[in-house]
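Visitor: I would like to learn how to read a model like this one, feature by feature. Could you take me through it, giving the general idea and then the case at hand?

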Amino acid sequence: MGVKLTILGESGSGKTCYLLGMHRRMSAGIKEHSLTTLRDADATQLAQMYTNLRDTSIGKDRFPKPNFKSETYHFGLNIATYRAMDFEWVDYPGEYVDPAKGHAGSEGYEMVKRSIRESSTLLICLDGENLIDGDTEEKIYTVKDNSAVYIMPFITKLAGEFQNQNRTLPPIGIIVTKWDLCMETTTEDELREVVEEVFSPLFKSTDTVLAVIPVSLGRSISDDGYRGRVKPINIQLPILYGIRYALRDSIVEDENRKKLNRADSDRYISGKRDEIKEQESDIRRWNDEIREERNSFFWTDDDYINTRNQWINDAQAEIDSLNAKINSERNECERTIGIIDAGILKKQTAIKNLLEAMSGVNLAFYRGKWQAEVE
């Protein structure tokens with residue numbers, strides 16, 4: 001599993017609920033996008049947890065209890081019948097990077113760092129419950145004090161380490177969970193202002209690629225003592241966002257594979273051509289020796305001439321064989337590159353499809369400024 005999406009957020013922020021809603025809805029398919037669960041154990045676990053989530057008779061107890069350990073699931077994203085990408089979904093509680101509960105160099109802390117380094121996208125959960133009350137300044141304070149109190153310093157430090165290694169953070173998706181609780185009291189402009197202030201270090205770099213994606217299990221899910229129906233909002237967008245960049249990275253890898261394949265093929269062909277030049281040099285030398293022998297003032301040594309003629313015939317056969325190997329290598333190289341190019345074209349088409357499907361993401365940040373949509 002080479003593709004990884006890392007999700008980070010404090011316990012209770014709604015990461016697991018989001019996963020359950022996303023898995024259920026996307027397993028059935030949202031328009032042409034669907035999710036395949038690659039391990040039976042994952043499918044069973046998520047189905048059992050979702051069954052509990054749908055039990056409206058138990059009110060707030062229907063929601064999973066806060067989880068203080070990491071979880072990894074294996075999925076495949078399909079666009080119609082095309083498997084666009086298989087990936088790991090790695091869920092870490094924000095407490096892994098909380099200085100009060102660990103320290104830099106601890107096992108959990110290093111696990112998160114390593115996972116982000118290996119990820120195509122980093123998803124950060126921002127609990128929408130922190131955006132319910134107060135003016136913008138109060139919401140910023142609440143989010144900083146709860147959702148970002150240790151996650152943002154960790155991300156800032158990690159960005160500095162990456163910079164020293166000539167790396168950049170992967171694209172970031174800020175998932176605003178429980179959007180149903182705050183959607184009536186938080187405008188889009190206000191949400192942008194909150195995110196920009198809370199995650200301010202990220203917005204000082206032109207390398208930052210970021211999108212803000214509000215999600216919810218349903219507008220009325222918290223009604224009547226949390227007995228509302230599960231009817232997700234925007235639940236597919238974070239996955240589509242993450243896979244869009246995974247596909248971009250995969251295309252870069254494909255282009256590198258083409259270059260390596262071409263370079264290996266060129267080296268192979270160059271080596272064979274050098275062998276041909278050696279054989280041709282030998283043939284010229286033996287022909288010269290034959291001419292000298294035939295022009296000798298003394299008797300002609302037929303065995304000497306016949307031996308060299310045989311050497312010439314063998315060398316020419318070797319040249320023919322080497323030319324055949326060169327042609328075969330050239331054809332195989334072009335065939336391989338053709339397969340890679342066909343794969344790249346499919347991925348480019350998939351990216352175009354995903355961008356169209358993400359038209360609902362209105363808060364995206366690229367090249368040092370907010371954009372109207374994901375690029």
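Visitor: How many of the residues of strand β6 are buried?

Guide: Burial is read from relative accessible area, with under 20% counting as buried. In this predicted model, six of the six residues of β6 (residues 172–177) fall in that class, so the strand is largely enclosed by the rest of the structure. The two faces can be taken in turn: I172, I174 and V176 point one way, whereas G173, I175 and T177 point the other way, and all are buried.

Visitor: Which strands pair with β6, and in what sense?

Guide: Pairing is read from the bridges between strands. Strand β5 (residues 121–127) pairs with β6 in the parallel sense over six bridges, and C125 has I175 of β6 as its bridge partner. Strand β7 (residues 210–214) also pairs with β6 in the parallel sense, over five bridges, and there V176 stands opposite P214.

Visitor: In what order do the strands of the sheet follow one another?

Guide: The order in the sheet has to be read separately from the order in sequence. Here nine strands form an open sheet in the order β2-β3-β4-β1-β5-β6-β7-β8-β9, with mixed pairing. The twist from one strand to the next averages 25°.

Visitor: Which strands stand at the edges?

Guide: An edge strand is recognised by its partners. β2 (33–37) and β9 (369–371) each have a single partner strand, so one side of each is left without a neighbour in the sheet.

Visitor: Is β2 mostly covered or mostly open, and what lies across it?

Guide: Being at the edge of a sheet and being accessible are separate readings, and each needs its own check. β2 is mostly covered, with four of its five residues buried. Helix α2 (residues 40–53) lies across β2 and β3, running at about 95° to β3. Within the sheet, five bridges join β2 to strand β3 (residues 71–79), and these two strands run antiparallel. Two of the positions can be followed residue by residue: H33 stands opposite I79, and S34 has N78 as its bridge partner in β3.

Visitor: At what angle do helices α4 and α7 pack?

Guide: Two packed helices are described by the angle between their axes and the distance between the axes. Helix α4 (residues 136–146) and helix α7 (residues 188–198) pack at an angle of about 45°, with their axes 10 Å apart. That angle makes α4 oblique to α7, and the crossing of the two helices is right-handed.

Visitor: Which residues make the contact of α4 with α7?

Guide: From α4 the contact is made by T136, K139, I140, V143 and K144, and from α7 by E190, E193, V194, E197 and V198. These residues divide into four nonpolar, one polar and five charged.

Visitor: Does E190 count as buried or exposed, and which residues does it contact?

Guide: The class of a residue should be read from its accessibility rather than guessed from its side chain. E190 lies in helix α7 and, at 11% relative accessibility, counts as buried. Leaving aside neighbours within four places in sequence, E190 is in contact with D135, T136, K139 and T185.

Visitor: Where does I233 lie, and what does it touch?

Guide: A loop residue also needs its accessibility checked. I233 lies in the loop between α8 (223–226) and α9 (237–294), and at 17% relative accessibility it counts as buried. Not counting residues up to four places away in sequence, I233 touches P214, V215, S216, G218 and R219. I233 and W179 are 54 residues apart in sequence, and their C-alpha atoms are 8.5 Å apart in space.

Visitor: Which residues have a positive phi although they are not glycine?

Guide: Most residues other than glycine have a negative phi, and most peptide bonds are trans. Among the residues to inspect here are K31, with a positive phi of about 55°, and N234, with a positive phi of about 60°. K31 lies in the loop between α1 (15–28) and β2 and is exposed, with a relative accessible area of 85%. N234 lies in the loop between α8 and α9 and, at 27% relative accessibility, counts as partly exposed.

Note on methods: Residues numbered from 1 in each chain as written. Predicted model: local features only at pLDDT ≥ 70, side-chain atom pairs only at ≥ 80, totals over all residues. Heavy atoms only, no water. Axes fitted to C-alpha atoms, helices over the stretch in contact; angles between N-to-C directions. Parallel < 35°, antiparallel > 145°, perpendicular 65-115°, else oblique. Left-handed = near helix turned anticlockwise from the far one by under 90°. Contact = heavy atoms within 4.5 Å. Nonpolar A, V, L, I, M, F, W, Y, C, P; charged D, E, K, R; others polar. Pairing = 2+ DSSP bridges. Buried < 20%, exposed > 50% of the residue type's maximum accessible area, 1.4 Å probe, protein only.
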